[in-house]
Amino acid sequence: MMINFTSSSAKRLERMRTVQCEALCRMAADSSVLLGLVEEFVSGQVDSKSTETAAGVKAGQFTVLQLVEALGLSLTSSQPQTRARGVQLLSQVLLECFSSLSENEVEVLIAFYENRLKDHYVITPHVLQGFKALTKCSVLPPGSAVSILRSIFQDVHVQSLMLAERSCVYNILINLMESREQELKGLGADFVFGFVQSVDGERDPRNLLLAFQVARNIVNKGYDLGKFVEELFEVTSCYFPIDFSPPPNDPLGITHEDLVLCLRAVLTGTPRFSEFLLPLIIEKLDSDVQSAKVDSLQTLAACRQTYSHKEFAEFLPGLWSSIRREVFETASERVESAGLSALGTITSCLSRSVLDSDSEDALQVFLNLVLKDCQHHLCEPDLKLVWPSAKLLQAANGASYRASLIVTSAVIPALLEQYNNRTECAERRTLLEVIQGFVLPTPLSRPAEGEESVFVPFQQSLASVVFSALSESSVGLQVTATRVLAALGQQAGLFTSPDVEKAVDHLTRLSLEEEDSQLSLAVEECSGSLAHLHPKAFISRMIPRLKEEIFSDPATVSERLSQYNGAVRQRCVMVLASVSSQASVVTESAPVLLQVVASAHEGSSGFSVEEVISVCISLEKIAQHTRDTEEIGQFFNDIIIPRLFGLVLKAVLLSDRSPLTDEAVLSAIVPVISTACAGLKTELASHMASQAVNLFLNGDVSFLPENDFPSQIQLLQSHAESRGPSKLVCLLMACVCSFPRNVDIPEIDRLLVQLEELSCTSPHVFAYTFAAKCFAGLVNKRAAGKALDAVLERVLKRISVELENVSSTQRTQAFTLLLWVAKALLLRYHPLSTVLTDKLFALLSDPELGSKVADGFCVLMSDSPDVLNRNCHADVRIMYRQRFFAENSSKLVHGFNSEEQEKKSCYLKALSHIVNNLPRQVQLTELPALLPLLLEALSCPDQEVQLSTLSCLQPVLLDPPAALNNQLEALFTRLLALTTSPAMKVKIASIRCVHALSHLPEHMVLPFRARVLKALALPLDDIKRLVRKEAVSARAEWFLLGSPGGR
């Protein structure tokens, strides 16, 4: 036993020695490899060896400290360049491997680098790179952040460094401020002083962004500025206002706005800068440079969050004088807007002051200045200073509730007195518009809970003025009065019940009697605003009166009203829709609109098709509220939708003369049902889906009111002799294709079979088109799986059979179904979408269907209003147009190039539809490759192709790509030929394109000037005014081209 034990021990010892020897050999080999890498980098100047060294450290082949040992001879060399190469290698390795360092290693390396900072200046850049890597370490030892910064501030003159090294210093500061904030704050004001010295004189915009970030952290995070407040302000404010224009095609992407916002955040970050910043802003506002004025005023406005009344107190007269001057004298909207915003900021900050008995109210003092300089101008409504003064007062008024109390108490009585003293409508309108600006509440000036509106003391006077203006004959005055009425009505406690009733009576009268379109729109908006807050008044006073007018007999009304009875009905219907935002109002107004539809079906009251369509538009507007109000959704589910189904079904089955059978009316009813169904909650939607499917599949009319319908109703059967019943498939589509995707459609497989049959066999365009849309809408939302695959396989097989049979009479129906199914699959990125779109491309050369297929690409790429859109909860993936274009543009170009000449027009039409529906940025990117084809499309005799191509080209020509330079001759030739086209729209579009070309560089387009002027002389005498207008504008621009005083 003893012998065996000794023998086994000896074997183990032998193995251990072998392992140790192998390890020593590997270490020697690794050391040899490391020394070789160091030698090649330092002496051989092979920069790529730093990457190999970093890879070795990451792999554990050797450590960073071993690398330092291997660099020993290089780091102690008498040659500064050799020492610099050694430090460079170490720093580049650390930038790759800083995350794997231990705390002890970091401590040793920091000490090494601090020592190297005292070495030759050529080593400094590489030392800073090493510090940058070490400041990213999560194991940075305590106290090391202060040590690093003291070394940099003492031993490095930052502004003598190159751009990259200066950037490195700023990044070191940012890294340490993020990870060692408390340590840096321990430096006190020394840190601020060091930063000021480092950044003083910086000019590069990239480094300025970093420097501003450091300065923003200093002022925002509570660093001790000590006695260096003014120094920090001076070293940053010397760049204010920013004057920087990035070079063309700047790869860095730094913009003027980036620098402005970063510097603004520094200057406005602490109230301690106020004594320096506010005088600087006043000084810069005296500049003649508009951008400097805007920047100064916007910077002043940005002080809102950090300044209080104390910071502004000393400078109020100077600031007010500068702002007043800019608003009074400027012709720039930007300067005016910035000035008003700055005034609002000052007023808001002063409003936060705490009142006491020993000091005067700073807000009151300042607003007295404003009122003194502006109020008297309000008494001169015919002079030009009334509006600048009004805007200044309104800006101050909207800054706070306290300010609003002061300003309104001074201004509103004077304005009301002026209104009552004036007799001219124009002057009264101006005064009322000024009042409107004060009445409109802002978020800052709204009274808090428990506070009353600042206009309560003037309640009766304001109401009297508004009602008086509503009774005037001036349309402009009435429009302004309705807007003031809407603004007053939004504020609680301003209108008593009699006032509300009087307002409703005025609005009702204006709806019935006034014909001006602008006034009608203002009345609608005001009625909608007030009805949301005072529904009872509108239910009791307006709706009955409008209903009476809608159903009045033209023979019983005055001669003037009878002449415009149709227009009055139209206005009544539109107002009914605008007031119907509350469930209580909808239950009264929607039945009135339904009654119009029923009367039109019955032939009473003489409603025209156009009036029925208008009613449907109003019902759709009301239906939009089903998404927000469950009660309105319930009402549409229980009353409106069944009633519409019942009326249309009666019209189709029992009356051929009803306007409800008109396809335009049916198309108008579709969005009513679609919008309502899209907003239903899941439970209601499932119930409605069941009822609709049972009606169309089984003829179940039990949910319809007055269901005295014939038995055996078959609504999805193709009727060659009568298009009536099958037309109702549009209502089925509106219903089942609009529900959310989580709503299950009952008997969907049976439904899809019948829709497929109807879409392929119906001889009526309206019926088979809506059947195809309905089929596509259901397919788009159906979950992926075997059931969907089976449906698609069946329908594709049928489509292929019909399309391949050239003698078939149902090829157009098959193509329509193919087009809509292709769109349904394309929107959801289904794998089969490529197969279907390839079929469409193949059909472009079909002699019978080619033109329809080309137009079909417009359907494929554009948003469909009634199905397959996001409002209907369709499965629509982002950027599907870009994806379709990227996958298929080459097929289109190849097909065009290989097709016979007489068939190429279809490819051009398809291309113009596809490109025209792409986002503008994609068009600019792809135009160089497609330009030859688009120029060819301009020569196509098809006017639709010409118009589509021109509408695509015009925006692109405003910012043309370089590829256009070589095609100018062909482009001018084709565009000038189209200026005499027989189609007005083509002429207008081509002239606009020629106009856009005048903005190209002068040397490029000047050779074409004579040709253009001669060609544009003909449209000047065109019989259409719109053509003449475009020709005059374009020709004038071309006349100025190259002329003295021209552009």
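**Exercise 1.** In this predicted model, find the helix in which Thr53 lies, decide whether Thr53 is buried or exposed, and list the residues in contact with Thr53 beyond its neighbours within four places in sequence.

*Solution.*
Step 1. Thr53 belongs to helix H2, which covers residues 49-58.
Step 2. The relative accessible area of Thr53 is 0%. Buried means under 20%, so Thr53 is buried.
Step 3. With neighbours within four places in sequence set aside, the contacts of Thr53 are Leu34, Leu37, Phe62, Leu67, Leu89 and Val93.

**Exercise 2.** Do the corresponding steps for Ser614: name its helix, class its accessibility and give its contacts outside the neighbours within four places in sequence.

*Solution.*
Step 1. Helix H32, residues 609-623, contains Ser614.
Step 2. Ser614 counts as buried because its relative accessibility is 8%.
Step 3. Apart from neighbours within four places in sequence, Ser614 touches Gln570 and Val573.

**Exercise 3.** State how many disulfides the structure holds, then examine Cys137 and Cys238.

*Solution.*
Step 1. The number of disulfides is zero.
Step 2. For Cys137, the nearest cysteine sulfur belongs to Cys97 and is 10 Å away. A disulfide needs two cysteine sulfur atoms within 2.5 Å, so Cys137 is in no disulfide.
Step 3. For Cys238, the nearest cysteine sulfur is that of Cys262, 15 Å away. By the cut-off of 2.5 Å, Cys238 is therefore in no disulfide.
Step 4. Cys137 has a relative accessibility of 3% and so counts as buried. Cys238, at 53%, is exposed.

**Exercise 4.** Which residues does a cis peptide bond join, and where is Pro241 found?

*Solution.*
Step 1. The cis bond links Phe240 to Pro241, with omega at about -10 degrees.
Step 2. Pro241 sits in the loop between helix H13 (229-237) and helix H14 (256-267).

**Exercise 5.** Describe the phi angle, location and accessibility of Tyr829 and Met879.

*Solution.*
Step 1. Tyr829 is not a glycine, yet its phi is positive, about 60 degrees. Met879, also not a glycine, has a positive phi of about 60 degrees.
Step 2. Tyr829 is in the loop between helix H41 (811-827) and helix H42 (833-843). Met879 is in the loop between helix H43 (850-861) and helix H44 (880-898).
Step 3. With a relative accessible area of 25%, Tyr829 is partly exposed. Met879 has 52% relative accessibility and so counts as exposed.

**Exercise 6.** Give the bounds of domain 1 and domain 2 and the separation of their centres.

*Solution.*
Step 1. The domain assignment places domain 1 at 747-877 and domain 2 at 923-1040.
Step 2. Taken over C-alpha atoms, the centres of domain 1 and domain 2 are 37 Å apart.

Note on methods: Residues numbered from 1 in each chain as written. Predicted model: local features only at pLDDT ≥ 70, side-chain atom pairs only at ≥ 80, totals over all residues. Heavy atoms only, no water. Helix = DSSP H or I, 4+ residues; strand = E, 2+ residues; numbered from the N terminus. Buried < 20%, exposed > 50% of the residue type's maximum accessible area, 1.4 Å probe, protein only. Contact = heavy atoms within 4.5 Å. Domains from an automatic or database assignment.
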